[in-house]
Amino acid sequence: MTAVFEQHGLRIQYPENWTLQQGQAEGQGLEIQIVAPSGAFWSLLAFARQDEGEPLMQEILGNLEEQYDSVETSAIQESMGGFEASGHDTFFFYLDLLVANRMRCLSAGEHRFLIIWQAENRDFDNIEPVFQAITVGFLAS
């Protein structure tokens with residue numbers, strides 16, 4: 001079964017056993033985070049279109065590099081749900097775990113979105129289809 005978040009003109013479907021948290025992002029944007037029971041998460045930061053998502057993404061990358069040793073990142077350009085997105089695929093170690101993190105920035109309508117999804121690397125391949133379904137469903141709405 002799926003749960004649905006429908007507020008602020010946004011519609012997000014996600015697994016009903018995941019937890020949704022809502023708050024204010026930097027720059028007065030909206031932040032929504034959906035957390036799996038395993039601790040993996042999908043996060044959406046929504047801003048006015050004129051706000052830049054790239055500086056925030058660079059700030060997040062900088063924070064990861066300050067916090068964790070051996071952060072490995074690759075710049076990515078791709079199409080997501082018919083929208084052009086730029087971002088980074090990042091890997092880092094937390095304790096003895098390798099963590100995979102994906103960040104994508106894109107513009108749609110009057111908004112700019114930064115979408116982040118993250119999971120422990122051993123679980124990432126299994127949970128990535130759920131992340132993709134949440135993302136594609138969100139972008140289709």
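A: Let's start with one word we'll need a lot: two residues are in contact, or touch, when they have heavy atoms within 4.5 Å. The structure above is a predicted model, where local features need pLDDT of at least 70 and side-chain atom pairs count only at pLDDT 80 or more, while totals for chains, interfaces and linings use all residues. Residues are numbered from 1 along each chain as its sequence is written, and side-chain values use heavy atoms, with hydrogens and water left out.

Q: Okay, how many helices and strands does the protein chain have?
A: Helices (H or I, at least four residues) and strands (E, at least two) are DSSP runs, numbered from the N terminus. Here you get 2 helices and 9 strands. Walk along the sequence and the pattern reads β-β-β-β-β-α-β-β-β-β-α.

Q: What radius of gyration does the protein chain have, and what would a compact globule have?
A: The radius is taken over C-alpha atoms, and the globule rule is 2.2 Å times the number of residues to the power 0.38. For 141 residues a compact globule would come out near 14 Å, and this chain has 14 Å, which agrees. If you prefer a box, the C-alpha atoms fill one of roughly 40 × 35 × 25 Å along the principal axes.

Q: What share of the residues is buried?
A: Buried means under 20% relative accessible area, exposed means over 50%, and partly exposed is in between (1.4 Å probe, protein chains only). In this chain, buried residues make up 44% of the 141. As for the surface, about 7,800 Å² is exposed, with carbon and sulfur atoms supplying 46% of that. Those areas come from the Shrake-Rupley method with a 1.4 Å probe, and for residues only the protein chains shown count as cover.

Q: Which residues have the most contacts inside the largest nonpolar core?
A: In soluble globular proteins, nonpolar side chains tend to be buried together. A nonpolar core is a set of buried Ala, Val, Leu, Ile, Met, Phe, Trp, Tyr and Cys residues joined through side-chain atoms within 4.5 Å. The largest one here has 29 residues, and Ile12, Trp42 and Phe131 have the most contacts inside it. Elements that give two or more residues to this core include strand E1 (2-7), strand E2 (10-15), strand E8 (97-108) and helix H2 (121-140). H2 gives the most, with 6 residues.

Q: What does Ile12 touch?
A: Skip residues up to four places away in sequence, and Ile12 touches Ala3, Val4, Phe5, Ile32, Ile34, Trp42, Leu44, Ile134 and Phe138. There is also a second, separate core of 14 residues, which includes Phe47, Leu64, Met103 and Ile116.

Q: Is Phe124 buried or exposed?
A: Phe124, which is found in helix H2, is buried, with a relative accessible area of 1%. Leaving out residues up to four places away, Phe124 touches Ala100, Arg102, Trp117, Ala119 and Phe131. The other helix has a buried residue too: Leu56 is in H1 (residues 54-67), and its relative accessible area is 12%.

Q: How far apart in space are Phe124 and Gly29?
A: They are 95 residues apart in sequence and 28 Å apart, C-alpha to C-alpha. Try another pair: Leu56 and Leu114 are 58 residues apart along the chain, with C-alpha atoms separated by 8.5 Å.

Q: Where does Gly29 lie?
A: Gly29 lies in the loop between strand E3 (19-24) and E4. At 6% relative accessibility, Gly29 counts as buried, and it touches Gly23, Gln24, Ala46 and Phe47, again skipping residues up to four places away. Over in strand E3 you'll find Thr19, which counts as partly exposed at 44%. Beyond its neighbours within four places, Thr19 is in contact with Gln33, Ile34 and Val35.

Q: What is the phi of His8?
A: It is near 55°, a positive value in a residue other than glycine. His8 is found in the loop between E1 and E2 and counts as exposed at 52% relative accessibility. Leu95 also has a positive phi of about 55° although it is not a glycine. Look for Leu95 in the loop between strand E7 (83-94) and E8, where it counts as exposed at 68%.
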